[in-house]
Amino acid sequence: MKLYMRHLRNMILAGACLIGMHCNVLATEPVKTVPRVDLSRYLGKWYEIASFPMFFQRQCASDTTATYALLPSGKISVDNECKTSEGKIDHASGTATVEDGTGNAKLKVTFFWPFRGDYWIIGLDPEYRWAVVGNPDRKYLWILSRTPIMPQAMLLEALDTASRQHFEIGRLQYTRQGH
């Protein structure tokens with residue numbers, strides 16, 4: 001019930017922001033990451049449950065995943081896949097570098113040099129079953145799960161995490177998995 005009430009409060013604040021009230025409160029609080037990420041537990045395959053619409057994902061129709069692996073250099077390989085509306089697999093590979101002094105919660109990701117983007121882990125289930133990833137200007141948001149279908153209680157917890165960080169969760173588009 002407490003989680004529901006907090007989610008409802010955040011939705012009301014987001015609605016007030018849309019009509020021009022209290023937006024300054026939302027815009028001034030900096031995005032915070034989780035204190036620490038155990039990379040050995042974070043590596044592996046994640047399923048995209050929802051995300052903000054992104055230009056670079058416009059071709060993705062379903063089955064979006066991200067797989068992370070440690071490279072000998074200490075960087076992390078990033079392999080993103082999705083299925084297009086024609087049923088073809090679209091693939092993008094990149095690398096991520098952990099920012100020093102962030103407890104492994106802030107990474108810089110690049111898919112082609114010299115462009116790099118912020119990948120901040122702002123929410124993480126203690127058992128590493130789900131993660132919420134955003135960036136400091138709140139333009140990007142992903143809800144990730146270890147399974148293609150995320151249990152409702154976990155999804156609500158992830159949404160609450162993003163909402164408390166003042167991300168506009170109403171912008172999320174939910175990803176079809178397993179089609």
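**A surface patch and a nonpolar core**

F111 sits in strand β5, which covers residues 106-112. In this predicted model, F111 is partly exposed, with a relative accessible area of 36%. That puts F111 over the 30% cut-off for patch residues, and F111 does turn up in a patch: together with F112 and F115, F111 forms a nonpolar patch on the surface. The three phenylalanines have about 340 Å² of accessible area together.

Stepping back to the whole chain, strand β5 is one of nine strands, and there are four helices as well. Reading from the N terminus, the order goes α-α-α-β-β-β-β-β-β-β-β-α-β. In other words, three helices come at the start, then a run of strands, then a helix and a closing strand. As for the surface in general, the protein exposes about 10,200 Å², and 59% of that comes from carbon and sulfur atoms.

Now for the inside. Of the 179 residues, 41% are buried. The largest nonpolar core takes in 41 residues, and those with the most contacts inside it are V37, Y42, Y68, Y119, I121, L124 and L141. Y119 makes a handy example. Setting aside neighbours within four places in sequence, Y119 touches Y42 and Y68, both of which are also on that list of core residues with the most contacts. The other contacts of Y119 are A105, K106, L107, V109, V133, G134 and L144; K106, L107 and V109 fall within the residue range of strand β5. Across the protein, among contacts between residues at least 6 apart in sequence, 53% link residues at least 24 apart.

Notes:
Residues are numbered from 1 along each chain as its sequence is written. This is a predicted model: local features need pLDDT of at least 70, side-chain atom pairs count only at pLDDT 80 or more; totals for chains, interfaces and linings use all residues. Side-chain values use heavy atoms; hydrogens and water are left out. Patches are made of residues with over 30% relative accessible area and no salt bridge: like charges are joined within 9 Å, nonpolar side chains (Val, Leu, Ile, Met, Phe, Trp, Tyr) within 5 Å. Accessible areas come from the Shrake-Rupley method with a 1.4 Å probe; for residues, only the protein chains shown count as cover. A salt bridge is a side-chain nitrogen of Lys or Arg within 4 Å of a carboxyl oxygen of Asp or Glu. Helices (H or I, at least four residues) and strands (E, at least two) are DSSP runs, numbered from the N terminus. Buried means under 20% relative accessible area, exposed over 50%, partly exposed in between (1.4 Å probe, protein chains only). Contact means heavy atoms within 4.5 Å. A nonpolar core is a set of buried Ala, Val, Leu, Ile, Met, Phe, Trp, Tyr and Cys residues joined through side-chain atoms within 4.5 Å.
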